[in-house]
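Here are three short exercises to work through with the model open beside you. Try each one before you read its solution.

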Amino acid sequence: MNQPQAVASAQEVSTLSPKAKLLVDNMGRALVGQVKASKLAVVAMLASGHVLLEDVPGVGKTLLAKSLAKSIHADFKRIQATPDLLPSDISGVNIYDQREAKFNFVPGPIFTNILLMDEINRATPRTQSSLLEAMEEGQVTSDGVTRRLPDLYFVMATQNPIEHHGTFPLPEAQLDRFMVSMSLGYPQREQEAEIIKMTLNDSSFSVQSVLSVDDVLSMRQARKKVFVHEALVNYVIDIVEATRDHPSVVLGVSPRGAQLLVKASQALAFVEGRDFVTPEDVKFLAPFVFGHRIVPKVKSNRICHSDIIKKIVETVKVPS
């Protein structure tokens with residue numbers, strides 16, 4: 001009974017995974033030296049997760065989000081977070097129609113396929129919370145009425161970790177909604193030279209649509225069939241328990257984090273053209289999935305938390 005399912009899974013991966021690679025390569029036309037970041041963004045999307053980009057200004061956070069959005073023929077909305085942004089500015093508002101003597105709901109920008117929340121930490125906690133239901137349950141409740149979001153709903157948020165004036169740090173509940181948190185970092189010298197050369201051509205940083213919404217939804221379904229061995233499930237649990245017992249960590253990874261790491265590992269295997277997950281998939285993704293889910297004893301920038309996870313992963317025995 002299991003063998004035909006495995007064959008079907010392998011066939012789906014071999015058929016659909018080239019589309020995932022095409023998506024990553026297409027994003028690379030605008031992003032110089034950010035193959036890993038592009039792949040992580042695609043992995044999160046195929047695993048039905050969301051991405052938080054934490055880095056200093058000017059390294060390409062917004063460009064990464066826009067390149068992914070433009071590579072897919074889908075609805076894309078961008079929200080520039082500010083302290084005066086209201087929840088209704090995101091979710092929508094009921095407006096009274098005098099002709100029909102009734103209220104009509106005007107959807108906000110959250111009703112889209114791909115949403116870029118730029119500088120999310122500039123929004124107030126009340127406004128940030130308006131994203132919680134949408135990111136977790138794929139729906140929005142306004143004035144007691146619940147409305148479903150599109151089947152493809154993906155959030156990419158950016159924030160500047162060194163900016164403090166006029167910002168509101170994301171609470172743990174909001175951070176928990178993001179599957180992947182990553183930092184782009186500065187490019188290497190050769191890559192920066194290439195970026196400067198590309199600047200002379202305004203069209204160099206633009207990409208064309210190469211996939212449709214249906215393509216992404218089909219890849220999501222195929223991702224679910226990627227095989228995860230029981231030993232790898234125990235490996236993930238070992239890493240999670242190690243974060244809870246680590247002397248430098250006050251709050252370890254939750255069960256939700258373990259679930260998301262397994263889903264992300266399936267997606268990475270799919271992008272790599274495999275119908276099974278390996279320990280290397282788990283080790284590679286753990287810092288990006290767990291880094292923003294722990295609370296260390298010594299307060300530091302969340303970008304540094306991934307280093308703690310890397311050290312923890314090195315202490316956990318890898319299944320053979």
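**Exercise 1.** At what angle do helix 2 and helix 12 pack, and how far apart are their axes? Keep in mind that this is a predicted model.

*Solution.* Start with the general idea: a packed pair of helices is described by an angle between the axes and a distance between them. Here, helix 2 (residues 35–46) and helix 12 (residues 279–290) pack at about 80°, and their axes are 12 Å apart. Angles of 65 to 115 degrees count as roughly perpendicular, so helix 2 is roughly perpendicular to helix 12. Next, look at who makes the contact: helix 2 brings Lys 36, Leu 40 and Val 43, while helix 12 brings Phe 284, Leu 285 and Phe 288. Finally, sort these residues by character, which gives 5 nonpolar, no polar and 1 charged.

**Exercise 2.** Find the largest cavity: which residues line it, and how much space lies in it?

*Solution.* A probe the size of a water molecule, rolled over the atoms, shows where space is left empty. Searching the whole structure gives 1 cavity of 30 Å³ or more. The largest cavity holds about 30 Å³ of space. Its lining consists of Val 228, Leu 232, Val 236, Val 262, Ser 265, Val 277 and Val 282. Now map the lining onto the helices: helix 10 (230–245) and helix 11 (255–271) supply at least two residues each. By character, the lining has 6 nonpolar residues, 1 polar and no charged.

**Exercise 3.** Which parts does the salt bridge between Lys 19 and Asp 215 tie together?

*Solution.* Begin with the pair itself: the side chains of Lys 19 and Asp 215 meet at 3.0 Å, N to O. Then place each partner. Lys 19 sits in helix 1 (residues 2–28) and Asp 215 in helix 9 (residues 213–223), so the pair ties together parts 196 residues apart in sequence. To finish, set the pair in context: the count of salt bridges comes to 12.

Key: Residues numbered from 1 in each chain as written. Predicted model: local features only at pLDDT ≥ 70, side-chain atom pairs only at ≥ 80, totals over all residues. Heavy atoms only, no water. Axes fitted to C-alpha atoms, helices over the stretch in contact; angles between N-to-C directions. Helix = DSSP H or I, 4+ residues; strand = E, 2+ residues; numbered from the N terminus. Parallel < 35°, antiparallel > 145°, perpendicular 65-115°, else oblique. Contact = heavy atoms within 4.5 Å. Nonpolar A, V, L, I, M, F, W, Y, C, P; charged D, E, K, R; others polar. 1 Å grid on protein atoms, 1.4 Å probe; cavity = no way out; pocket = protein on both sides within 12 Å on 5 of 7 lines; lining within 4 Å. Points joined across faces, edges and corners; volume = space filled by probe spheres on them. Salt bridge = Lys/Arg side-chain N within 4 Å of Asp/Glu carboxyl O.
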